[in-house]
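Here is a short briefing on one protein model. Look over the sequence and the fold, then read on.

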Amino acid sequence: MSQMIKVGMADLNICKSPNAITTLGLGSCIGIALYDPVTKIGGLAHIMLPDSTKIRNNSNIAKFADTGITELVKRMTRAGASKQRMVAKIAGGAKMFEVSGPDAIGSIGMKNAIASRMKLKELGIRLIAEDTGLNYGRTVELHCDTGQYYIKSVGRPLKII
């Protein structure tokens, strides 16, 4: 691996083999990795919220599942990836806090995961693997040479999907 590209919270970026791309500290957020296995172009979005239409100040398109995934596809296609070949892997969406009530912040992780799956389906991108839910944070890396998605969590073995 030659270079590790970092993606911040509510941010997104793309990368090409032999590089890898990472985002740290996914709690209720979702790390959405898109990958074209032929061109070996990958992309990663760190999604914080499910739906930009529900928020007034929504200028940061990377923050939301609906706009962030669309932008990631756009950037990857511009770089030479084919939308038809893209596959997706997602991680995160944890329930980090015990709170009661249907609209409690504790369910935001689940809502993020559902919104991400819906957007991928709408765009016709196959979701081939996921590691979502439960109650722990994750750090992810997409390795563009292989398309493998590494999921690291404190006190847990490395998971590769």
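Is E71 buried or exposed? E71 counts as buried, at 12% relative accessibility. That value falls under the 20% cut-off for buried. The model is predicted. The points below cover salt bridges, the sheet, the cysteines and one buried isoleucine.

**Salt bridges**

- The whole structure contains 9 salt bridges.
- Three residues, E71, K74 and R75, are linked in a salt-bridge network.
- E71 meets R75 at 2.9 Å, N to O.
- E71 also pairs with K74, where the closest N and O atoms are 3.8 Å apart.
- Helix α1 spans residues 65-78 and holds both K74 and E71, 3 residues apart. That spacing separates them by about one helical turn.
- R75 and E71 sit 4 residues apart in helix α1, again about one turn of the helix.
- The two basic partners of E71 are both partly exposed: K74 has a relative accessible area of 43%, and R75 has 31% relative accessibility.
- The network therefore joins a buried acid, E71, to partly exposed K74 and partly exposed R75.
- Another salt bridge links K54 to D51, with the closest N and O atoms 3.3 Å apart.
- In that pair, K54 is exposed at 68% relative accessible area, whereas D51 is partly exposed at 21% relative accessibility.
- D51 is not classed as buried because its 21% is not under the 20% cut-off.

**The sheet**

- An open sheet is built from 5 strands, in the order β2-β5-β4-β6-β7. Its pairing is mixed.
- The edges are β2 (12-16) and β7 (126-132). Each has a single partner strand, so one side of each is left without a neighbour in the sheet.
- On average, neighbouring strands of this sheet are turned by 15° against each other, direction ignored.
- Strands in a sheet pair through backbone hydrogen bonds, in either a parallel or an antiparallel manner.
- Strand β4 (residues 30-36) and strand β5 (residues 41-47) run antiparallel and are joined by 7 bridges.
- Y35 stands opposite G42 of β5.

**The helix across the sheet**

- Which strands does helix α2 lie across? Helix α2 (residues 108-123) lies across β4, β5, β6 (87-92) and β7.
- Helix α2 runs at about 20° to β4.

**Cysteines**

- How many disulfides does the structure hold? The structure holds 0 disulfides.
- C15 counts as buried, at 4% relative accessibility.
- C144 is buried too, at 0% relative accessibility.

**I151 and its surroundings**

- Strand β9 (residues 148-152) includes I151.
- I151 is buried, with a relative accessible area of 1%.
- Which residues is I151 in contact with, leaving aside its neighbours within four places in sequence? The contacts are A91, D131, R138, T139, V140, P157, L158, K159 and I161.
- I151 and G137 lie 14 residues apart in sequence. Their C-alpha atoms are 9.8 Å apart in space.

Methods
Residues are numbered from 1 along each chain as its sequence is written. This is a predicted model: local features need pLDDT of at least 70, side-chain atom pairs count only at pLDDT 80 or more; totals for chains, interfaces and linings use all residues. Side-chain values use heavy atoms; hydrogens and water are left out. A salt bridge is a side-chain nitrogen of Lys or Arg within 4 Å of a carboxyl oxygen of Asp or Glu. Buried means under 20% relative accessible area, exposed over 50%, partly exposed in between (1.4 Å probe, protein chains only). Helices (H or I, at least four residues) and strands (E, at least two) are DSSP runs, numbered from the N terminus. Two strands pair if DSSP finds at least two bridges between them. Axes are lines fitted to C-alpha atoms, for helices over the stretch in contact, and angles run from 0 to 180 degrees between N-to-C directions. Contact means heavy atoms within 4.5 Å. A disulfide is a pair of cysteine sulfur atoms within 2.5 Å.
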